Amino acid sequence: RNSFGSEASGGGGSSEANLTFVTGIVYTVTVGGGGGSQGDGQDSEISGSGITTITSSGGGSGGNYSNDSGGAGGSGGGGGQTTSSGGSGTANQGYTGGSNNYNAGAGGGGASEVGQNGAAPSALGGNGGNGLASSITGASVSRGGGGGGSNHGAAGSQGGIGGTGGGGNGRYGGTAAQAGTVNTGGGGGGQGESIGGAGGGGSGVVILSMPDASYTETTTGS
């Protein structure tokens, strides 16, 4: 979600209104952790007196092998390896995950793009949806990429490619799928076998921009 320089928000949303902070008020910023295997990510949030609490939903979990659909979230999780659909995204945050097609997992939704469906008959995992770039730090950086879906083929083969902005690549057997990059909100890659396991999601990030003269550099917490 963006409110800097008229940059678009995820899920095709527009730039949101700026927040006005007041001297002497304590504001709490919560950075949500990434989800684990078959678990949704945690919400990230800004709260405090005099402002409307801003909550960005954690990403939805990916589906498993047994006809399990992806979970809903800020961006939706990809569908599992058999007949299942992608989880829905959230307005101004992210897109829906892909649906499965035959024995391949679908990619998770990204901040700027829907996750790809799994491909039949080649049984290739779907790619994760791409994330969204922001220049709030002074350089254009993409965040919120979806994780790649699991492949269904030879042990150790790569599945779907993670979306730009921290999405992890999917795998089939051999080793663990790639995790989402920390502090990007990127989704973890799917794994077609129990060997190694699916990749965990990357933790979220909250970035504030304000004039140097308005900031005392005094914070508490981690």
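This is a short guided tour of a predicted model, with suggestions for what to select at each stop.

**Stop 1: the three-stranded sheet**

Start by selecting residues 27-30, which make up strand E1. Add residues 44-48 for strand E2, and then 54-56 for strand E3. Together these three strands form an open sheet, lined up in the order E1-E2-E3, with antiparallel pairing. E1 and E3 are the edge strands: each has a single partner, so one side of each is left without a neighbour in the sheet. If you look along the sheet, the twist from one strand to the next averages 5°.

Now zoom in on the pairing. How many bridges join E1 and E2? There are four, and the two strands pair in the antiparallel sense. E2 and E3 also run antiparallel, and three bridges join them.

Select Glu45 and look to either side. Thr30 has Glu45 as its bridge partner in E2. In E3, Glu45 is partnered with Thr55. Next, click on Ile46 and look for Ile54 in E3, which stands opposite. While you have side chains on display, keep a general pattern in mind: in a regular strand, side chains alternate between the two faces of the sheet.

**Stop 2: the turn between E2 and E3**

Follow the chain out of E2 and round into E3. This is a hairpin with five residues between the strands. Select Gly50 here and check its backbone angles: phi is positive, near 90°.

**Stop 3: Thr20 and its contacts**

Step back along the chain to Thr20, in the segment before E1. Is Thr20 buried or exposed? Thr20 is exposed, with a relative accessible area of 61%. Now select Ile51 as well. Thr20 and Ile51 are 31 residues apart in sequence, while their C-alpha atoms are 7.5 Å apart in space. Setting aside neighbours within four places in sequence, Thr20 is in contact with Tyr27 and Ile51.

**Stop 4: a nonpolar patch**

Switch to a surface view and select Leu19, Phe21, Val29, Val31, Leu208, Met210 and Tyr215. These residues form a nonpolar patch on the surface, with about 540 Å² of accessible area together. Pick out Phe21, which lies in the segment before E1. Phe21 has 32% relative accessibility, so it counts as partly exposed.

Now select Ser209, in the segment after strand E7 (171-172). Ser209 is partly exposed as well, with a relative accessible area of 46%. Which residues does Ser209 touch, not counting those up to four places away in sequence? The answer is Phe4 and Ile136. Ser209 and Ile136 are 73 residues apart in sequence, yet 6.9 Å apart in space from C-alpha to C-alpha.

**Stop 5: one salt bridge**

Side chains of opposite charge can pair when their charged atoms come close. This structure holds one salt bridge. To find it, select Arg1 and Glu16, whose closest N and O atoms are 2.8 Å apart. Both residues lie in the segment before E1, so the pair ties together parts that are 15 residues apart in sequence. Arg1 counts as partly exposed, at 39% relative accessibility.

**Stop 6: two backbone angles to check**

Select Ser6, which is also placed in the segment before E1. Its phi is near 60°, a positive value in a residue other than glycine. Ser6 counts as exposed, at 69% relative accessibility.

Then jump to Asn92, in the loop between E3 and E4. Asn92 is not a glycine, although its phi is positive, at about 65°. Asn92 is partly exposed, with a relative accessible area of 23%.

**Stop 7: a buried alanine**

Finish with Ala111, in the loop between E3 and strand E4 (132-134). Why does Ala111 count as buried? Its relative accessible area is 9%, and buried means under 20%. Show the residues around Ala111: leaving aside neighbours within four places in sequence, its contacts include Gly10, Ser75, Tyr95, Leu132 and Arg143. Add Gly145 to your selection for a last distance check. Ala111 and Gly145 are 34 residues apart in sequence and 6.3 Å apart in space, C-alpha to C-alpha.

Definitions and conventions
Residues numbered from 1 in each chain as written. Predicted model: local features only at pLDDT ≥ 70, side-chain atom pairs only at ≥ 80, totals over all residues. Heavy atoms only, no water. Pairing = 2+ DSSP bridges. Axes fitted to C-alpha atoms, helices over the stretch in contact; angles between N-to-C directions. Salt bridge = Lys/Arg side-chain N within 4 Å of Asp/Glu carboxyl O. Buried < 20%, exposed > 50% of the residue type's maximum accessible area, 1.4 Å probe, protein only. Contact = heavy atoms within 4.5 Å. Patch = residues over 30% accessible without salt bridge, like charges linked within 9 Å, V, L, I, M, F, W, Y side chains within 5 Å. Areas by Shrake-Rupley, 256 points an atom, 1.4 Å probe, with all protein chains shown as cover.
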